[in-house]
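User: I should like a close look at a single part of this model, set afterwards in its wider context. Please state the criteria behind each term as it arises.

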Amino acid sequence: MDNFTFGVTMMVCGMGGTILTLYVMSLIMRLLGKCFPEKKGGK
Amino acid sequence: MEQAILSGLQGLINGFLHLDWRSVVMIIVGFVLLWLGIKKDCEPLLLVPIGFGCVLTNIPLADLMGAEGFLRVIYDMGISNELFPLLIFVGIGAMTDFGPVLASPSTFMLGAAGQFGIFLTLALALALGFPQLDAVSIGIIGACDGPTAIYVTSKFAPHLLGAVSVAAYSYMSLVPVIQPPIMKLLTTEKERNTIMPAMAGSVSKTTKLLFPLVITVLGGLIAPKGLPLLGTIMLGNLMKESGVVSRLTKASENEIANVVTLFLGLSIGATMVGSAFLRAETLIILCLGFVAICLDTVCGVCFGKIMRVMSGGKVNPLIGAAGISAFPMAARVAQKEGQKYNKKSYLLMHAMGANAGGQIGSVIAAAVMLSVLAGMGIIK
């Protein structure tokens with residue numbers, strides 16, 4: 001594979017993959033926060 | 001008799017006779033690293049053993065990196081098989097509180113933007129003619145995360161380990177110097193003055209316990225090649241949050257981390273042999289490492305600006321600079337810079353969220369990178 005193709009693929013898949021993965025994780029974190037909220041008055 | 005005495009004396013000066021200019025330069029480099037660690041307090045836990053390892057390995061005839069040398073034994077024990085960075089990650093997970101990022105999951109995204117420097121630097125290294133896997137290892141300096149850089153480099157470009165590690169740790173400690181001018185350059189006075197509202201509520205223990213488990217399974221499924229990195233940091237965090245294995249948690253963040261840091265530093269220093277290190281390539285790698293950290297900051301702040309627009313002006317883009325892995329240093333820089341422009345601005349908890357996101361982001365970025373490489377068939 002030539003360097004240009006390699007570089008572009010790594011940038012697109014790398015940056016895209018990282019941001020997509022973290023976005024999905026942030027959604028799941030939000031969901032967890034909603035499903036298991038901190039109980040008021042709890043320890 | 002005289003001959004025997006002369007031969008004996010010869011043995012005492014053999015080291016001096018075999019000392020070439022490269023060994024001398026590298027011993028001086030070792031002293032500089034020791035000076036940086038001891039006198040300038042610049043990542044001393046790493047730079048002191050690295051500097052000393054560099055001095056040891058460049059003393060001729062001792063052959064400490066030879067087949068039987070003790071530095072080779074340590075290197076084979078944990079660097080060539082990538083074990084040491086992973087053990088360090090268990091300690092990092094045990095030390096890190098992901099509460100701020102869990103309280104404000106949107107800051108996770110700043111942790112993603114703060115990793116873009118990795119991929120941009122990779123492209124730059126390719127443009128400069130570095131082979132593909134060398135470029136990957138150089139780009140990973142932009143993770144601003146020593147263990148990740150060591151893990152990836154020892155896997156794909158072990159001949160660059162010394163340069164990449166020194167660059168990663170040196171620039172990490174220079175974050176308070178590198179970031180502020182970029183943050184100022186990319187933001188307007190109005191943006192810097194933005195006061196962010198206090199974070200709403202705290203995070204339940206169940207969420208904190210589920211976080212490492214969910215991240216491990218999900219991250220592992222998306223980027224299985226990076227699971228060792230992700231799994232170890234999350235194991236450390238699970239132990240910390242569970243509170244039921246405090247002995248293991250304390251051992252991970254103290255004894256294990258300390259012993260491994262010593263071995264890791266010594267064996268990285270041992271790779272800094274004059275013939276391999278004193279090349280124009282090393283200088284270029286150090287420059288690219290600097291560029292990588294700058295690009296991380298640029299991308300983080302720009303993403304902060306995008307979030308500001310999307311939130312209707314509620315986000316101070318300075319927290320975007322904290323989306324790197326240098327924890328908690330980058331968050332402190334964002335807080336300090338925010339207060340410089342507006343005394344009433346308290347960005348620390350928001351910046352801590354971005355910074356914790358950057359910690360996960362660097363691991364995810366490396367994991368994604370490894371899986372993309374595997375997907376392309378470049379690595380197995």
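Analyst: The answer below starts with helix α8 of chain B and then turns to its surroundings.

The model is predicted; local features are given only at pLDDT of at least 70 and side-chain atom pairs only at pLDDT 80 or more, whereas totals for chains, interfaces and linings use all residues. Residues are numbered from 1 along each chain as its sequence is written, and chains are lettered from A, with ligands numbered from 1, in the order in which they are written. The mean pLDDT (the predictor's confidence in each residue, from 0 to 100) of chain B is 92, and 99% of its residues reach 70 or more. For the complex, the predictor gives an ipTM of 0.92 and a pTM of 0.89.

Helix α8(B) comprises twelve residues, 116-127. Helices here are DSSP runs of H or I of at least four residues, strands are runs of E of at least two, and both are numbered from the N terminus. The expected span of a helix is 1.5 Å times one less than its number of residues. For α8(B) this rule gives 16 Å, and the end C-alpha atoms are 17 Å apart, which agrees.

Ten of the twelve residues of α8(B) are buried, so the helix is largely enclosed by the rest of the structure. A residue is buried if 20 or more other C-beta atoms lie within 10 Å of its own, exposed if 12 or fewer, and partly exposed in between, with C-beta atoms placed from the backbone. The buried residues run from Phe116(B), Gly117(B), Ile118(B), Phe119(B), Leu120(B), Thr121(B) and Leu122(B) to Leu124(B), Ala125(B) and Leu126(B). They pack against elements of both chains: α1 (3-35) of chain A, and α7 (108-113), α9 (132-139), α18 (280-310) and α20 (348-375) of chain B. Beyond the helix comes Gly129(B), whose phi is positive, near 95°.

Two of these packing partners lead outward, namely α1 of chain A and α20 of chain B. Chain A has one helix and zero strands. Its C-alpha atoms fill a box of roughly 60 × 15 × 10 Å along the principal axes, and 33% of its 43 residues are buried. Between the chains, 27 residues of chain A are in contact with 34 residues of chain B, where contact requires C-beta atoms, placed from the backbone, to lie within 7 Å. The side of chain A that touches chain B has 16 nonpolar, nine polar and two charged residues. In this classification Ala, Val, Leu, Ile, Met, Phe, Trp, Tyr, Cys and Pro are nonpolar, Asp, Glu, Lys and Arg are charged, and the others, Gly among them, are polar.

As for α20(B), the largest nonpolar core has 134 residues, and those touching the most other members are Val164(B), Ala322(B), Ala330(B), Ala334(B), Ala351(B), Ala366(B) and Ala367(B). The largest share of this core, 16 residues, comes from α20(B). Such a core is a set of buried Ala, Val, Leu, Ile, Met, Phe, Trp, Tyr and Cys residues joined through C-beta atoms within 7 Å. Apart from neighbours within four places in sequence, Val164(B) is in contact with Ser137(B), Ile138(B), Ile141(B), Ala149(B), Thr153(B) and Ile285(B).

The chain that holds α8(B) has 20 helices and zero strands. For its 380 residues a compact globule would have a radius of gyration near 21 Å, and chain B has 22 Å, which agrees; the radius is taken over C-alpha atoms, and the globule rule is 2.2 Å times the number of residues to the power 0.38. Buried residues make up 56% of chain B. Of the contacts in chain B with a separation of 6 or more, 74% join residues 24 or more positions apart.

Some backbone features elsewhere in chain B also deserve attention. Most residues other than glycine have a negative phi, and most peptide bonds are trans. Glu43(B) nevertheless has a positive phi, near 40°; this residue lies in the loop between α2 (21-38) and α3 (44-57) and counts as buried, with 22 C-beta neighbours inside 10 Å. Asp63(B), with phi near 55°, is placed in the loop between α3 and α4 (70-78) and is partly exposed, with 13 other C-beta atoms within 10 Å. The peptide bond from Phe327(B) to Pro328(B) is cis, with omega near -5°, and Pro328(B) lies in the loop between α18 and α19 (329-341).

Technical notes
Two residues are in contact if their C-beta atoms, placed from the backbone, lie within 7 Å.
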